[in-house]
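Work through these exercises with the sequence and the 3D structure side by side. Try each task before you read its solution.

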Amino acid sequence: MGGSALNQGVLEGDDAPGQSLYHRLGQRMLDISGDRGVLKDVIREGAGDLVAPDASVLVKYSGYLEHMDRPFDSNYFRKTPRLMKLGEDITLWGMELGLLSMRRGELARFLFKPNYAYGTLGCPPLIPPNTTVLFEIELLDFLDSAESDKFCALSAEQQDQFPLQKVLKVAATEREFGNYLFRQNRFYDAKVRYKRALLLLCRRSAPPEEQHLVEAAKLPVLLNLSFTYLKLDRPTIALRYGEQALIIDQKNAKALFRCGQACLLLTEYQKARDFLVRAQKEQPFNHDINNELKKLASCYRDYVDKEKEMWHRMFAPRGDGSTAGES
């Protein structure tokens with residue numbers, strides 16, 4: 001979504017004299033605000049439901065100023081995916097209205113008049129006052145967080161009044177939010193979401209015949225927490241969550257792998273080897289596991305070489321015939 005895309009979609013064949021580029025474009029766009037303040041042109045149709053009012057959306061977008069065919073400053077307008085919550089992270093009323101008209105996978109172009117964009121003040125020095133702007137927005141996905149947020153705000157006693165399926169659904173939503181944040185390298189925020197999911201599952205009392213559903217929901221959350229703490233350079237906590245996952249499934253290759261990674265970072269080489277060999281037994285041809293075993297072997301060789309060098313220096317003979325290790 002760059003200037004060339006805008007040129008190809010707007011400029012070709014639009015040479016009516018006396019009309020601005022945005023005026024010509026706006027003539028064939030759909031009015032979604034009722035006062036022609038927000039106009040929309042669908043480039044690629046999406047699928048499924050419309051974005052919910054309290055959703056968090058994963059989008060890519062570019063912005064253009066009127067009479068300019070190049071994107072806004074890239075430091076301000078992102079082309080990389082960004083997770084935003086409606087009503088909190090979006091400052092343009094026009095963008096909020098536009099997103100509420102979109103479906104998953106949709107790519108659309110929007111014209112925002114000044115009162116739906118930056119108003120009479122603009123956004124100096126980049127955007128002049130009273131400027132009409134054009135946005136190209138791709139809605140990659142969205143999650144409705146309202147239900148999850150309301151449920152998590154209830155007390156444990158109130159949550160217990162709901163059926164187990166409700167708890168499992170909310171926990172799954174929290175984990176999905178964590179996954180979005182993790183993919184954006186927002187590991188601290190991802191950890192918070194994963195912990196909310198785990199707390200819901202851990203404090204839920206289920207009858208024996210349904211307990212396996214809770215354990216099955218806890219397993220991916222524990223694995224995600226282990227990986228997240230590895231990314232946060234907290235191997236001790238990563239190991240703890242990995243071991244909790246192994247209590248649920250002692251042959252889980254991913255849990256064994258995470259524990260092995262954590263032990264390697266902690267320089268507990270024998271424990272790391274034990275975990276990784278067990279993981280390799282479950283998945284002999286897993287590229288990541290085999291590479292981690294090679295890394296372990298290399299780290300252990302370096303460790304042994306350093307140990308030998310240290311002992312050699314300690315007991316090397318001195319000029320007086322004594323050794324460095326003698327008192």
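Two strands pair if DSSP finds at least two bridges between them. Strands (E, at least two residues) and helices (H or I, at least four) are DSSP runs, numbered from the N terminus. This is a predicted model, so local features need pLDDT of at least 70, side-chain atom pairs count only at pLDDT 80 or more, and totals for chains, interfaces and linings use all residues. Residues are numbered from 1 along each chain as its sequence is written, and side-chain values use heavy atoms, with hydrogens and water left out.

**Exercise 1. The sheet**

Task: Find the residue in E8 that stands opposite Arg109, then place the strands in their sheet.

Solution:
- Step 1. Arg109 faces Glu136 in E8.
- Step 2. Strand E7 (residues 107-112) pairs with E8 in the antiparallel sense, over 6 bridges.
- Step 3. Zoom out. The open sheet has 6 strands in the order E1-E2-E7-E8-E4-E5, with antiparallel pairing.
- Step 4. Its edge strands are E1 (30-31) and E5 (82-85), each of which pairs on one side only.

**Exercise 2. Confidence**

Task: Which element of the chain has the lowest mean pLDDT, and which the highest?

Solution:
- Step 1. Know the scale. pLDDT is the predictor's confidence in each residue, from 0 to 100.
- Step 2. Take the whole chain. The average is 83, and 81% of the residues score at least 70.
- Step 3. Compare the elements. Helix H1 (residues 3-11) has the lowest mean, 43, and helix H9 (residues 235-248) the highest, 97.
- Step 4. Look at residues 1-14. Their pLDDT is below 50, and the stretch has 34 contacts in the model beyond near neighbours in sequence. A contact means heavy atoms within 4.5 Å.
- Step 5. Draw the lesson. Where pLDDT is low, the predicted coordinates should not be read in detail.

**Exercise 3. Salt bridges**

Task: What does the salt bridge between Glu138 and Lys60 tie together?

Solution:
- Step 1. Set the rule. A salt bridge is a side-chain nitrogen of Lys or Arg within 4 Å of a carboxyl oxygen of Asp or Glu. The whole structure holds 10 of them.
- Step 2. Check the pair. Glu138 and Lys60 meet at 3.8 Å, N to O.
- Step 3. Locate both ends. Glu138 is in strand E8 (residues 133-144) and Lys60 in strand E4 (residues 55-65), so the pair ties together parts 78 residues apart in sequence.
- Step 4. Judge the cover. Buried means under 20% relative accessible area, exposed over 50%, partly exposed in between (1.4 Å probe, protein chains only). Glu138, at 15%, counts as buried. Lys60, at 25%, is partly exposed.
- Step 5. Add a partner. Arg44, Lys60 and Glu138 are linked in a network of salt bridges.

**Exercise 4. Helix H6**

Task: Test the length of helix H6 (residues 164-183), then follow one of its side chains to another helix.

Solution:
- Step 1. Recall the formula. The expected span is 1.5 Å times one less than the number of residues.
- Step 2. Apply it. The 20 residues of H6 should span 28 Å, and the end C-alpha atoms are 29 Å apart, which agrees.
- Step 3. Check the cover. In H6, 14 of the 20 residues are buried.
- Step 4. Pick Glu174. Its salt bridge with Arg196 has its closest N and O atoms 3.4 Å apart. Glu174 lies in H6 and Arg196 in helix H7 (residues 187-202), so parts 22 residues apart in sequence are tied together.
- Step 5. Compare the two ends. Glu174 is buried, at 0% relative accessible area, whereas Arg196 is partly exposed, at 27%.
- Step 6. Move past the helix. Just after H6, Asn185 takes a positive phi of about 65°.

**Exercise 5. Helix H8 and Ala262**

Task: What covers the buried residues of H8, and which residues does Ala262 touch?

Solution:
- Step 1. Size up helix H8 (residues 211-231). Its 21 residues should span 30 Å, and its end C-alpha atoms are 31 Å apart, which agrees.
- Step 2. List some buried residues. Among them are Val214, Leu222 and Leu230.
- Step 3. Find their cover. It includes H6, H7, H9 and H10.
- Step 4. Turn to Ala262, in helix H10 (residues 253-265). Ala262 is buried, with a relative accessible area of 0%.
- Step 5. Name its contacts. Leaving out residues up to four places away in sequence, Ala262 touches Leu230, Pro235, Ala238 and Leu239.
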